[in-house]
Amino acid sequence: MMQDKKERSSDLVQGTLDMLILRTLARGRAHGYAIAESIHLKSEDVLRVEESALYPALHRLELRGLLVSEWGISENNRRAKYYRLTAMGRKYLEGELERWNRMTAAIARVMETA
Amino acid sequence: MFREWLNALWFRLKSLPRRQQLEHDLDEELEFHLAMSQQKLVEQGMPPEEARYAARRAFGNPAQTKETARDLWTFRFLETLAQDLRYGLRQLRRNPGFTAVAVLTLALGIGANTAIFSIVNGVLLEPLPYYEPQQIVQISLLYRGQPRNMNFSARQFDFWKSHAEPFQELAATTEVGFNLGGASRPERVKALRVSSGYFRLLGVAPALGREFLQEEDRTGGPDVAILSHVLWERDFGANPKVIGRSIPLDGMPFTVVGVMPAGFESTSPADLWTTIGQVSKTIGGGGNYTVLARLKQNVSQTQASSYLSSLTRPYIEEFDPNHELSDKVAKQISFAAFPYSYIVTRSQRVPLLVLLGAIGFVLLIACVNVANLQMARAATRNREFAIRSAMGAGRLRIVRQVFTENVLLGLLGGACGLLLAYWGLHSLLALAPTDLPHAAHIALDGWALGFTALVAMLSGILFGVAPAFRTSRMDLSEAIKEGGERGTSGRYRLGSALASAEVSLSLVLLVGSGLLLGTFIHLLHINPGFDPHNVLSLQIWTTGPQFKSGTGLANLYEDALRRIRTIPGVQSAAVVAAGLPLERGGNDYVHIAGQKDAEGFSADYREITPAYFRTLGIPLLQGRSFTMADSADTQKVIIVNAAFAREHLHGRDPIGEHLRSGEEIVGVVGDVKSHLDEPAPPTFFVPMAQVNYQSDQLFQGWFPTSVLVRTGQNPMALTREVETNLRKADPHLPIGQVRTMEEVLSQSIAFRRFLMTLITAFGGFSLLLAAVGLYGVISYSMSRRTHEIGIRMALGAVRGDVLKMVIGQGLKLVLIGVVIGVAEALALTRFLSSLLYGVKPSDPLTFIAVSLILIAVALLACYIPARRAAKVDPMVALRYE
């Protein structure tokens, strides 16, 4: 997901992307481009979504029933595909958030100086 | 997790029919994204064209995205399956030779085996259509450990009834026949006399009316009958009011008390059933009962047998008080209980088991052939596997595709096999002898079909998939470079070994059929003892009280024969009772007078009119034939055959000898066979005018009387006239089968011929398969050696040398197969010995002939690849890889 290609296992990357997408959509429905921009913005330019990974991730999440898609009109009057969270997606997000917090806390503990 | 899985399933299902729409949507979605990116860059100051390119570059390759998306719209399993099937079909179509041969082989193996097994199953193995048939046994005896059919008298049946510990029911049956009057034409019906517990024992109740009652069992009981469903429908219009009606059987009134349900068959075929009450004051002390029993629930057949065995001594004490049976013989007898079905089909058991063995062979050969074909083909596919592997196909993927292809092949073969089985079964049943038991119930056996299909397909799949496994592990570059046509020599050896195995198996089958063919030819040339050409035979029955005496019968016959002799074309005519030549006949117990200590013995017995010997062309060896002068009032006379004189008169002149009962022997005639492959039994003949009326009626219950007519030519053409004249003599005479004596002769060997036809058919198939197998192996091996052949030819070998090389290789395979086959055949044909006549199981002529045929066919199979190899242009071959 980072521009930096040297990354951890793709599993972790994949799961993290999913989580970020879901969190973004928790704030309201959006199309793919908007999601990518939102993550970029919110992370203050640190995280930039690799575009070729975005849509596969969105489609897989839709397959699993965590998202649903519908066609709508974008802000500049073009047809766009909008995604939104489902109830199941919301629950999944909560679980992933908890897991993420636990993991980062643990890493922080390990990395603590002194 | 489960919810997600369910959603995924639903999503895929939803997407399946909408692919085009989804594709379109995806394109639009990605276009939107690119447009937005482009717009953003333009807002940042980039020129539009450049912005477009930049946006695209940033996005990366949309192909991957589209692939992933497409993957989600379907079930991958189905996709790959469809792909594999299409590819498999294409492969099969591109190799029509292989496909045709493989499908044919599978079809033959599956079809032939299923058809035969269905027959064998129906005849031998199918349980009888009664309640819990495995509990039904027949009481009979073991003599020297071998089962023998044993019939009992009424008193002996009583003995068993009073010692019936292991049984919940006992019944006695005996076969009989009647002339059924009262219908438009007098009709002969087969009947079974049964004791009152019979239907209860079988567990089938009458559909109408009732069973027989116990009091109807006793002598002189009421004349009652139960009809079969078929008879009821045919002659009584299925009228339920038939109960209580009176029907004339042999002229005597019987009351109908019941009708059996449709589809019911008693243990002997019968159109109606009646009681055992009338059978007692007849020859043999009243009897000839088959005794059946039903085991009690918790009693096994072995237990019942040991119980019966323990009764052997008491039985002998009671029924042989004068110790006519020697002690030595008595010790070798014991009674036992046999599963009823075993006794029924004993005579045909061996040949049917031989057939089962044969079909095992054929199945084996078919599997071997398919395996061989697969392996030969696999070698040519190395390259294909290697290339696909190099392009990214995983090992499992390749194996799965090959597997699918082979299952497809198997299914094709199976479908053809089913058709073949169906057609084959009907053809075989049409050819089968008419007395094949349970023939009406034989149908395609689902289990057999499933089993053989499974075996055949499995072998095909196994041998098809195995090479795919091996290849995917091989060094890919090696395989592609060498053109993939040179595998390890190990596989080639296996193919050759299989081909030799096929040859050996074919040899065994062909030897078997050759031996049977030899037997058949011998049988056809046996002199039956009479001249069967141009003789017509018609079955009649003269049972019933209206004739009253032997003289009455004789007068009737002479009247009829006189009329028949006036028909132009008739040379002579006669009547014989108690059996035709080459068929089972009556026998009787006789004692020669003047031999004090000699035992009585059983001899075949026939009643004849004077012209009998002349009509059948039986030579008169000594003395005279009967004449009209021999009547009820003159000296009782008999004529004996040569076997009788040989065995029982020990070189004395038979003419002038007497039986203890007073009959004088006045003539000796030539032997006439009852079974072509057995010597003629001792037989004596009685003139019709002098027969004991009672015994004649008894024998007519079991055997038809026959009118024999010798004609100038084409006997069947005179049938109608003969029948008319018979009816003029007695309008109530039922007329049964009309056949020429040549037909009778041919029917007596019908079963053997049937068997022989079958095994020859198998032999033929297996020969075909072996030839194909050889062809496959040789062509494959030659195609691999093209390079080598090119070198040889470049170094000076001529066409002839190449031909010799190829044929030599083929010959080697065949010879190995023949040698092994001969060894196998020698070991196995001894099981056929009970079916052979005039040929030894190790008959050298048959073995040599079959071996030569096999070698010739094999050489032919090698010839085509040999010619192909020899035509190779050395330049091409050297370049060819």
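What span should the 19 residues of helix α5 (residues 76-94) of chain B have at 1.5 Å a residue, and how far apart are its end C-alpha atoms? The expected span is 27 Å, and the end C-alpha atoms are 27 Å apart, which agrees. Expected span here is 1.5 Å times one less than the number of residues in the helix.

The model is predicted: local features need pLDDT of at least 70, side-chain atom pairs count only at pLDDT 80 or more, and totals for chains, interfaces and linings use all residues. Residues are numbered from 1 along each chain as its sequence is written, chains are lettered from A and ligands numbered from 1 in the order in which they are written, and side-chain values use heavy atoms, with hydrogens and water left out.

## Helix faces in chain B

Helices (H or I, at least four residues) and strands (E, at least two) are DSSP runs, numbered from the N terminus. Buried means under 20% relative accessible area, exposed means over 50%, and partly exposed lies in between (1.4 Å probe, protein chains only).

Helix α5(B) has these buried residues: B:Thr80, B:Asp84, B:Tyr87, B:Gly88, B:Gln91 and B:Leu92. Seen down the axis of α5(B), they fall within an arc of 135 degrees, so they line one face of the helix. The arc is that of the directions from the helix axis to the C-beta atoms. Exposed B:Arg86 and B:Arg93 sit on the face of α5(B) turned away from its buried side.

Helix α9 (residues 229-236) of chain B holds buried B:His229, B:Leu231, B:Trp232 and B:Phe236. Their arc around the axis is only 165 degrees, which puts them on the same side of α9(B). B:Gly237 comes just after α9(B) and takes a positive phi of about 60 degrees.

Helix α14 (residues 346-390) of chain B contains B:Ile365. B:Ile365 is buried, at 0% relative accessibility. The C-alpha atoms of B:Ile365 and B:Leu767 are separated by 9.7 Å, while the two residues are 402 residues apart along the chain.

## Salt bridges

Side chains of opposite charge can pair when their charged atoms come close. A salt bridge here is a side-chain nitrogen of Lys or Arg within 4 Å of a carboxyl oxygen of Asp or Glu. The count comes to 29 salt bridges over all chains. Three pairs from chain B are tabulated.

| Acidic residue | Basic residue | Closest N and O atoms |
|---|---|---|
| B:Asp27 | B:Lys66 | 2.9 Å |
| B:Glu583 | B:Arg739 | 3.0 Å |
| B:Asp671 | B:Arg646 | 3.2 Å |

Take the salt bridge of B:Asp27 with B:Lys66. B:Asp27 lies in helix α2 (residues 19-43) of chain B and B:Lys66 in helix α4 (residues 62-72) of chain B, so the pair ties together parts 39 residues apart in sequence. B:Asp27 is partly exposed at 32% relative accessibility. B:Lys66 is partly exposed too, at 22%.

Next comes the salt bridge of B:Glu583 with B:Arg739. The pair links distant parts of the chain, 156 residues apart: B:Glu583 is in the loop between β14 (570-577) and β15 (587-590) of chain B, and B:Arg739 is in strand β22 (residues 735-740) of chain B. B:Glu583 is partly exposed at 24% relative accessibility, whereas B:Arg739 is buried at 3%.

The third pair is B:Asp671 with B:Arg646. B:Asp671 lies in the loop between β19 (664-669) and β20 of chain B and B:Arg646 in helix α21 (residues 642-648) of chain B, so the pair ties together parts 25 residues apart in sequence. B:Asp671 is partly exposed, with a relative accessible area of 24%. B:Arg646 is exposed, at 54%.

Salt bridges that share partners also join A:Asp18, A:Arg64 and B:Glu4 into one network.

## Chain A

Chain A has 4 helices and 3 strands. Along the sequence its pattern is α-β-α-α-β-β-α. Of its 114 residues, 39% are buried.

## Cavities

A cavity is a set of points, on a 1 Å grid over the protein atoms alone, where a 1.4 Å probe fits but cannot get out; lining residues have an atom within 4 Å of a point. Grid points are joined across faces, edges and corners, and a volume is the space filled by probe spheres set on the points.

The whole structure has 6 cavities of 30 Å³ or more. The largest cavity holds about 130 Å³ of space. Its lining has 18 residues, and B:Arg606, B:Tyr612, B:Val672, B:Thr683 and B:Phe685 lie nearest its centre. Strands β16 (601-608) and β20 (683-687) of chain B each supply at least two residues of that lining. By class, the lining of the largest cavity has 9 nonpolar, 5 polar and 4 charged residues. Ala, Val, Leu, Ile, Met, Phe, Trp, Tyr, Cys and Pro count as nonpolar, Asp, Glu, Lys and Arg as charged, and the others, Gly among them, as polar.

Definitions and conventions. On a 1 Å grid over the protein atoms alone, a cavity is a set of points where a 1.4 Å probe fits but cannot get out, and a pocket is an open set with protein on both sides within 12 Å along at least five of seven lines; lining residues have an atom within 4 Å of a point.
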